[in-house]
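Work through the exercises below with the model open. Try each task before reading its solution.

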Amino acid sequence: MPLMQSWVASANAPETDFPLNNLPYGVYDLGDELLFCGVAIGDRILNLTRLEEEGLLDLETGQFFGWGTWSVFMEAGQDAWDELRAWLMVMLREGSEAETALSKFLDAQADATMHLPFDIMEYTDFYASKHHASNVGTMFRGPENALPPNWLSIPIGYNGRASSVVVSGTDVVRPNGQLKGPNDDLPRFGPCARWDFELEMGAIVGKPSDGMISVGEADDNIFGYVLLNDWSARDIQAWEYQPLGPFQAKATATSISPWIVTKAALEPFRTSTPERERPLLPYLKEPGPMLYDIDLEVTLAPESKAETVITRTNYREMYYSAAQQLAHHTTSGCPMNVGDLLGSGTISGPDKGARGALLELAWGGKEPVTLDTGETRSFIEDGDTVTLRGHAQGDGYRVGFGACTGKTLAAPTIPDWAKE
Ligand code: CA
C-alpha cells in the first residue's frame, strides 16, 4: 500500500510517524484543565472533542469524545471503530472539501501535553521472546537450563499493576526494596542498584470476553498497540522471584507511548510467528499471521546529554503473538475487559545489538555498554532518560508510534523507621 496523501502537508513526509495511513488516537491538553481526544496527523492533532461539540463530527454509532479518554469509543465496538476511521480517511485526504472547516480544529503536537489515552483496567505482562528468555535464563541458571521446561508450550505471564502504568514523559522514581546479593547472609533494604528498562509492545483489549476464546477471536478483540517500557529492578527481582515470579521488581512503573496505533493501521504489516520446535496445543494455534513487522529502537541519554541508540530490534522476533497471549489468558475463565493492557514481554533479536534490556545488553554488568558520550552503563543511573521508538515501514511512509520516554529520578529517602 502506498502513502495516502493528506491536505495536512506534514503528514506526507516519508519520515513522519503519523501519515494518513496511521491515524493513531491520543488524549491531550493545551495548558489548561481540558482534556481532548485527538488523532495525530503529521505534526498536528485533529481535535475530535471540539469537532464533536461543534456538530462537525456526527457519527451514526454515537458520541464518544467528551470524556477525555478513548475508553468510551473502544466500548462502542467494531462498527464505531470502522465508522470513525472511514470518516477520518475521507475528511483528511488530499482534495477533501472539509479542509477549510477542519483546519481550524488542528492543534500543534508541540503545544500538547499527552495523557494516558485510555482507562487502564488491568495489566498483564508476558515473557515471549525466545532470545530474551534464553539470554536471561543463561545468566540466571546456565546455558543448559536457559529456557524453562514450559516455555515452548505456554506464553508465560504474570499479573502486573495497572495503577502504576504512566504515559510517556512521566518521570520514574528509582525504587527502594529488599535486596540480597549472592554473597550476603541476610537481606537489607535500600535503593535498587540494577535498575533497567524492558522494550515491549502493549496490546489493548477493545472488546470484552467472559470465558475461553480462540486465537482468532482474541485478535478481533484487540483494539490497538502502544510501545511499552516495563521498568525492572533486577536486584529486587533476583531475591524475590522464586517461586511466584516478579512482584515489587515490576510494580514501580510501566510507561506507554501516548498514541494508540490501531490494528487497522497495522494490517499491511502482519507477519507470522516462527516455526515451532514443539507443536502447540490446538487452542494456541493461529488462523493466520498475528505478529507485526515493526522496527524498534531504544536510546539512553545521560542527564543533559545527547542520546545514544543502544538497541535495534523488531516486534516480529516474538515467539508468541498478543492474540495467542490473550487467548491463553482466557483459558482459566478469566474475564477480560475493555482497557486491559497486555505487555508482550521484552523483545530481543538474535544479535547482541538487538537485545531489549540493559541486563542482556551489558550481560549482567560484565560487558558495560559504551555511550556516544564516552560513558558506560551496566544499568540505568539517576538522571538517565530512556526512550523507545518504533514504526512499521511501508512503501514511502511509516506507521509510527511516537516516543515512549521516561527519566529516572533518585530513590526516595528511606524513613528512619525503615532503617536498621
Ligand atoms: Ca516484562
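Two exercises follow, one on the whole protein and one on a single strand.

This is a predicted model, where local features need pLDDT of at least 70, side-chain atom pairs count only at pLDDT 80 or more, and totals for chains, interfaces and linings use all residues. Residues are numbered from 1 along each chain as its sequence is written, and side-chain values use heavy atoms, leaving out hydrogens and water.

**Exercise 1. Describe the overall fold of the protein.**

Step 1. Count the elements: the protein has 10 helices and 26 strands. These are DSSP runs, H or I of at least four residues for helices and E of at least two for strands.

Step 2. Check the radius of gyration: 22 Å, close to the 22 Å of the globule rule for 420 residues, so the protein is as compact as a globular protein of that length. The radius is taken over C-alpha atoms, and the rule is 2.2 Å times the number of residues to the power 0.38.

Step 3. Assess burial: 54% of the 420 residues count as buried (under 20% relative accessible area, 1.4 Å probe, protein chains only).

**Exercise 2. Place strand β1 among its neighbours.**

Step 1. Locate β1 at residues 25-29; five of its five residues are buried. Y25, V27 and D29 lie on one side, G26 and Y28 on the other.

Step 2. Find the partners. Pairing requires at least two DSSP bridges between two strands. β1 runs antiparallel to β2 (residues 36-41), with four bridges. It also pairs with β5 (residues 113-115) in the antiparallel sense, over three bridges.

Step 3. Follow V27. Its bridge partner is C37 in β2 and H115 in β5.

Step 4. Inspect the hairpin of β1 and β2. Six residues separate the strands, and G31 has a positive phi near 105°.

How values were computed
Buried means under 20% relative accessible area, exposed over 50%, partly exposed in between (1.4 Å probe, protein chains only).
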